[in-house]
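This report looks at one helix, the core it belongs to, and the charged pairs of the model.

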Amino acid sequence: QMWEFLQRYLQGSAEFEIRLGVVMLMSYFLTEEYIGKVLLQMEKVRKGDYYVDMAVAWCLATARAKFDERTQEFVRNATLTPSVIKKYEQKVRDSLRVKKGAELR
């Protein structure tokens, strides 16, 4: 039920509403049951706004810490903007939860 509720935010047009939806997915749905759906949402969400791109990168870096191989495969094959990829890679480099020396993508 919460998943459906968040879709309204993720499909919205206001930058901070979309960011809220992304952060909520990251906070409550990065689980084995939902990881595939969360990753697909990160590809679908409207990007281009700084705070949305940052939230998507943060969500992907957190997913990488929890679901390493699955997230790496997704990022390699997804249609993500250069801005999101750059922010994601920086967050992975800065993360204490992703093993050091790991490939960024």
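## Helix H6 and its cover

In H6, the buried residues (buried meaning under 20% relative accessible area, exposed over 50% and partly exposed in between, with a 1.4 Å probe and protein chains only) are Val-84, Ile-85, Lys-87, Tyr-88, Glu-89 and Val-92. Helices here are DSSP runs of H or I with at least four residues, numbered from the N terminus, and those that cover the buried residues of H6 include H4 (50-66) and H5 (68-77).

This is a predicted model, in which local features need pLDDT of at least 70 and side-chain atom pairs count only at pLDDT 80 or more, while totals for chains, interfaces and linings use all residues. Residues are numbered from 1 along each chain as its sequence is written, and side-chain values use heavy atoms, with hydrogens and water left out.

## The nonpolar core

A nonpolar core is a set of buried Ala, Val, Leu, Ile, Met, Phe, Trp, Tyr and Cys residues joined through side-chain atoms within 4.5 Å. The largest one has 34 residues, of which Val-22, Val-38, Met-42, Val-56 and Leu-60 touch the most other members; H4 gives the most to this core, with eight residues.

Apart from neighbours within four places in sequence, Val-56 is in contact (heavy atoms within 4.5 Å) with Val-22, Met-42, Val-45, Lys-47 and Val-84.

## Salt bridges

Two salt bridges are counted, each requiring a side-chain nitrogen of Lys or Arg within 4 Å of a carboxyl oxygen of Asp or Glu. Arg-64 pairs with Asp-68, with the closest N and O atoms 2.4 Å apart; Arg-64 is buried at 1% relative accessible area, whereas Asp-68 is partly exposed at 28%.

Terms used: Helices (H or I, at least four residues) and strands (E, at least two) are DSSP runs, numbered from the N terminus.
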